[in-house]
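Visitor: I have a structure here and would like to understand the reasoning behind the labels people attach to it. Could you walk me through it?
Guide: Gladly; let us look at it together.

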Amino acid sequence: MNELLIELSEISPREFFGQQNEHIELLKKYFPKLKIVARGSKIRVFGDEEMLEEFDKRFSMLMDHFGKYNKLDENTIERVLTSESEEDYETSHESGETLVHGVSGKAIKAQTANQRKLVELSKKNDLVFAIGPAGTGKTYTGVALAVKALKEKQVKRIILTRPAVEAGENLGFLPGDLKEKLDPYMQPLYDGLRDMIPHEKLETFIEKGIIQIAPLAFMRGRTLDNAFVILDEAQNTTHAQMKMFLTRMGKNAKFVITGDPGQIDLPRRVISGLKEALLILKDVKGVGIVYLDDKDVIRHRLVKKIISAYKTIEHTD
């Protein structure tokens, strides 16, 4: 039996191996044919030579990631262990930096490789699609980018919108008292803002129209310039709604469109405007597309398992 010995240098074994060696336990699941023993700052691995080479390569990738971000978690480990190459899970260091300091000084940053990819694409493109299931942080990261752009005076206003499918788009602009009267369809967008902007300041921004949260129907006829605009839940747009929205883009505007093609609430036989847009715009210069997946889920760890479980039955339909 072959042996591989790796010694951690300039890395805290406690942080790298995780509490009660939970990261090592995860490695054991991915390399069941290897015997992995971690003691102190050393890790000994026993097994087939070919498997040891693969383990050595993946372990080096994990150490490189830890060296950059001083952080390792279950999501990162899974992504590193299942990726074809470093490009699949890693992005430039800058895109992992703090986007904004939220309420109580909370540092808000992209936490996964695909979220960092969204940050990078937003720098390079005026229109970005962020596609993925619930909990992958696509809307939250988009809102953070919008708040950052406003704070840095790159734009004069933020416009957050989503199609109100069940209400038939018959909703008005938000009334005065946010806390009590905020429309339930807009609540997820407000949740992100509430983390990033103090309550009183947020109310003032909304009263002055610096931040606008409204159903998609209210975008008709407007030209959206000097604005960071997020269209959320875009899978529920029709062809006409998506075309109307995309043609609202004015000067100095940034558009981020988020959606989950697996959660369409449109009537049967109505084509999703998001699915159509992804097909026809995928090769257009200036348009960025990032696909997030269950490895980007940053809610409760059960959410990832739930998404995975549903995926198995949806694939067998």
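**Reading the labels**

Guide: A good place to begin is a turn: in the hairpin of strand 2 and strand 3, which has two residues between the strands, Gly40 takes a positive phi near 60°. Please keep in mind that this is a predicted model.

Visitor: What makes strand 2 and strand 3 a pair?
Guide: Two strands pair if at least two bridges are found between them. Strand 2 and strand 3 (residues 42-47) are joined by five bridges and run antiparallel, so they qualify by that rule. Among the partners, Ile36 has Val45 as its bridge partner in strand 3.

Visitor: Why are strand 1 and strand 2 said to stand at the edges?
Guide: The sheet is open, with three strands in the order 1-3-2 and antiparallel pairing. Strand 1 (2-7) and strand 2 (35-39) each have a single partner strand, so one side of each has no neighbour in the sheet. From one strand to the next, the twist averages 15°.

Visitor: Which side chains of strand 2 are buried?
Guide: Ile36 and Ala38, which point to one face, are buried, while Lys35, Val37 and Arg39 point to the other face and are not. In a regular strand, side chains alternate between the two faces of the sheet.

Visitor: What makes strand 10 count as enclosed?
Guide: A residue is buried when its relative accessible area is under 20%. Six of the six residues of strand 10 are buried, so the rest of the structure largely encloses this strand. Both faces are covered: Lys254, Val256 and Thr258 are buried on one side, and Phe255, Ile257 and Gly259 on the other.

Visitor: Which strands pair with strand 10 in the parallel sense?
Guide: Strand 6 is joined to strand 10 by five bridges, and the two run parallel. Strand 9 (residues 227-231) also pairs with strand 10 in the parallel sense, over four bridges. With at least two bridges needed for a pair, strand 6 qualifies with five and strand 9 with four. In strand 10, Phe255 is the bridge partner of Leu127, while Ile257 stands opposite Leu231.

Visitor: How do you know that strand 8 is covered on both faces?
Guide: Ile211, Ile213 and Pro215 lie on one side and Gln212 and Ala214 on the other, and all are buried. That fits the count for strand 8 (residues 211-215), where five of its five residues are buried. Strand 8 is also joined to strand 7 (residues 157-162) by five bridges, in parallel, and Ile211 is the bridge partner of Ile158.

Visitor: Which residues of the largest nonpolar core touch the most other members?
Guide: They are Val147, Leu193, Met196, Ile197, Ile211, Ile213 and Phe228, in a core of 35 residues. Helix 7 (residues 138-151) gives the most to this core, with seven residues. A second, separate core of 25 residues includes Ile11, Phe31, Phe59 and Leu62.

Visitor: What does Ile197 touch, leaving out residues up to four places away in sequence?
Guide: Ile197 touches Val103, Val147, Leu202, Phe205 and Ile211. Contact here asks for heavy atoms within 4.5 Å.

Visitor: Why is Thr136 called buried?
Guide: The cut-off is under 20% relative accessible area; Thr136 has 0%, so it counts as buried. Thr136 sits in the loop between strand 6 (127-131) and helix 7. Beyond four places in sequence, Thr136 touches Gln115, Leu292, Asp293, Asp296 and Val297.

Visitor: What makes the link from Thr136 to Pro133 a polar contact?
Guide: The limit for such a pair of N or O atoms is 3.5 Å. The side chain of Thr136 reaches the backbone oxygen of Pro133 at 2.8 Å, so the distance falls within that limit.

Visitor: Why is Gln263 called partly exposed?
Guide: Partly exposed lies between the buried limit of 20% and the exposed limit of 50%. Gln263 has a relative accessible area of 46%, so the label is partly exposed. Gln263 lies in the loop between strand 10 (254-259) and helix 12 (273-281). Leaving aside neighbours within four places in sequence, Gln263 is in contact with Gln235 and Asn236.

Visitor: How many of the chain's residues count as buried overall?
Guide: Of its 317 residues, 48% count as buried. The chain has 13 helices and 11 strands.

Note on methods:
Residues are numbered from 1 along each chain as its sequence is written. This is a predicted model: local features need pLDDT of at least 70, side-chain atom pairs count only at pLDDT 80 or more; totals for chains, interfaces and linings use all residues. Side-chain values use heavy atoms; hydrogens and water are left out. A nonpolar core is a set of buried Ala, Val, Leu, Ile, Met, Phe, Trp, Tyr and Cys residues joined through side-chain atoms within 4.5 Å. Buried means under 20% relative accessible area, exposed over 50%, partly exposed in between (1.4 Å probe, protein chains only). Axes are lines fitted to C-alpha atoms, for helices over the stretch in contact, and angles run from 0 to 180 degrees between N-to-C directions. A polar contact is a pair of N or O atoms within 3.5 Å; within protein, one must be able to donate a hydrogen and the other to accept it, and residues adjacent in sequence count only if both atoms are side-chain atoms.
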